[in-house]
Amino acid sequence: MLLQRILSALILIPIIFAAIWFSELWFTILVAVVALLGSWEFHNLAPFSWMPLTIFGLLWSLLIILDAYFGGEYTTPVLASTLVLPFVISLITPKRRGEAFTMWTWTTCGILYVGLLLSYYVMTRGLAYGREWVILAIFATFATDTCAFFIGRALGRHPLAPMLSPGKTWEGAAGGLLGGI
């Protein structure tokens with residue numbers, strides 16, 4: 001497991017850094033790929049499986065990222081359609097009417113949680129000193145995760161939330177906090 005993490009880091013960190021530093025377009029493409037993968041994973045966690053709303057969630061997450069890249073000119077209609085269209089789609093489907101609210105909530109939350117939040121990286125990258133801010137945000141996250149992992153492995157004795165994630169410890173959480181700082 002550790003070897004896999006190290007190899008992934010050795011391959012991905014230079015790619016991420018280069019995309020952030022050298023090209024707003026390539027960084028946006030990288031964020032879009034991450035948004036699609038994250039949206040797919042989010043929708044696979046849903047208590048139902050219904051492909052039209054999964055595809056809608058993927059497309060709208062991507063649309064929010066692209067809107068951020070092009071200056072956010074269409075943010076209002078994109079967000080409005082994020083709220084309205086999944087509900088209409090789930091209402092007009094005869095077999096799924098009883099689950100309409102659940103499907104709408106899950107789809108909307110996925111789009112906002114994955115697509116909207118990742119779009120802030122794209123918008124931040126476009127600011128003065130945006131590259132530096134994005135690098136700080138991403139690598140502080142990496143440092144938090146890495147320190148939490150190693151300190152939790154080395155010193156972890158007190159479970160943080162054993163029902164949710166049995167491997168997490170209070171010591172690892174404290175190490176992650178210090179690593180992020």
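These legends accompany close-up views of a predicted model.

**View 1. Thr107 sits buried in helix α5, with its side chain turned to a backbone oxygen****.** Welcome to the first stop, Thr107, whose place is in helix α5. Its relative accessible area is 0%, so Thr107 is buried. A polar atom of the Thr107 side chain lies 2.8 Å from the backbone oxygen of Met103. Beyond its neighbours within four places in sequence, Thr107 is in contact with His43, Leu53, Phe56, Gly57 and Pro86. If you would like a sense of scale, look for Phe70: this residue is 37 residues from Thr107 along the chain, and 24 Å separates the two C-alpha atoms.

**View 2. Thr108 is another buried residue of helix α5****.** Helix α5 covers residues 100-125, and Thr108 lies in it. Thr108 counts as buried because its relative accessibility is 5%, under the 20% cut-off. Here the side chain has a polar atom 2.8 Å from the backbone oxygen of Trp104. Setting aside residues up to four places away in sequence, Thr108 touches Thr82, Leu83 and Pro86.

**View 3. His43 of helix α2 touches Trp106 and Thr107****.** Follow helix α2, residues 24-44, and you will find His43. With a relative accessibility of 6%, His43 counts as buried. Not counting residues up to four places away in sequence, its contacts are Leu53, Thr54, Gly57, Trp106 and Thr107. The view pairs well with the first one, where His43 appears among the contacts of Thr107.

**View 4. Tyr129 has a positive phi in the loop between α5 and α6****.** What is the phi of Tyr129 near? The value is near 60°, which is positive in a residue other than glycine. Most residues other than glycine have a negative phi. Tyr129 is found in the loop between α5 and α6, and counts as exposed because its relative accessibility is 61%.

**View 5. The largest pocket is lined by 30 residues****.** Its volume is about 1,200 Å³. Leu12, Ile16, Thr141, Phe142 and Asp145 are the lining residues that lie nearest the centre of this pocket. Which helix supplies the largest share of the lining? That is α1, with 9 residues. Helices α1 (2-22), α2, α5 and α6 (130-155) each supply at least two residues. Sorted by class, the lining has 22 nonpolar, 5 polar and 3 charged residues.

**View 6. The second largest pocket has a volume of about 330 Å³****.** Its lining includes Arg5, Asp145, Phe149, Arg153, Leu160, Lys168 and Thr169. Asp145 may look familiar, as it is also one of the residues nearest the centre of the largest pocket. Helix α6 gives the most to the lining of the second largest pocket, with 5 residues. At least two residues each come from α6, β2 (165-169) and α7 (170-180). By class, this lining has 4 nonpolar, 4 polar and 4 charged residues.

**View 7. Strands β1 and β2 form an antiparallel hairpin****.** Strand β1 spans residues 159-161 and runs antiparallel to β2, with 2 bridges joining them. To pick out one bridge, start at Ala161, whose partner in β2 is Ser165. The hairpin passes from β1 to β2 through 3 residues. Keep the sixth view at hand here, since β2 supplies at least two residues of the lining of the second largest pocket.

Methods. Residues are numbered from 1 along each chain as its sequence is written. This is a predicted model: local features need pLDDT of at least 70, side-chain atom pairs count only at pLDDT 80 or more; totals for chains, interfaces and linings use all residues. Side-chain values use heavy atoms; hydrogens and water are left out. Helices (H or I, at least four residues) and strands (E, at least two) are DSSP runs, numbered from the N terminus. Buried means under 20% relative accessible area, exposed over 50%, partly exposed in between (1.4 Å probe, protein chains only). A polar contact is a pair of N or O atoms within 3.5 Å; within protein, one must be able to donate a hydrogen and the other to accept it, and residues adjacent in sequence count only if both atoms are side-chain atoms. Contact means heavy atoms within 4.5 Å. On a 1 Å grid over the protein atoms alone, a cavity is a set of points where a 1.4 Å probe fits but cannot get out, and a pocket is an open set with protein on both sides within 12 Å along at least five of seven lines; lining residues have an atom within 4 Å of a point. Grid points are joined across faces, edges and corners, and a volume is the space filled by probe spheres set on the points. Ala, Val, Leu, Ile, Met, Phe, Trp, Tyr, Cys and Pro count as nonpolar, Asp, Glu, Lys and Arg as charged, and the others, Gly among them, as polar. Two strands pair if DSSP finds at least two bridges between them.
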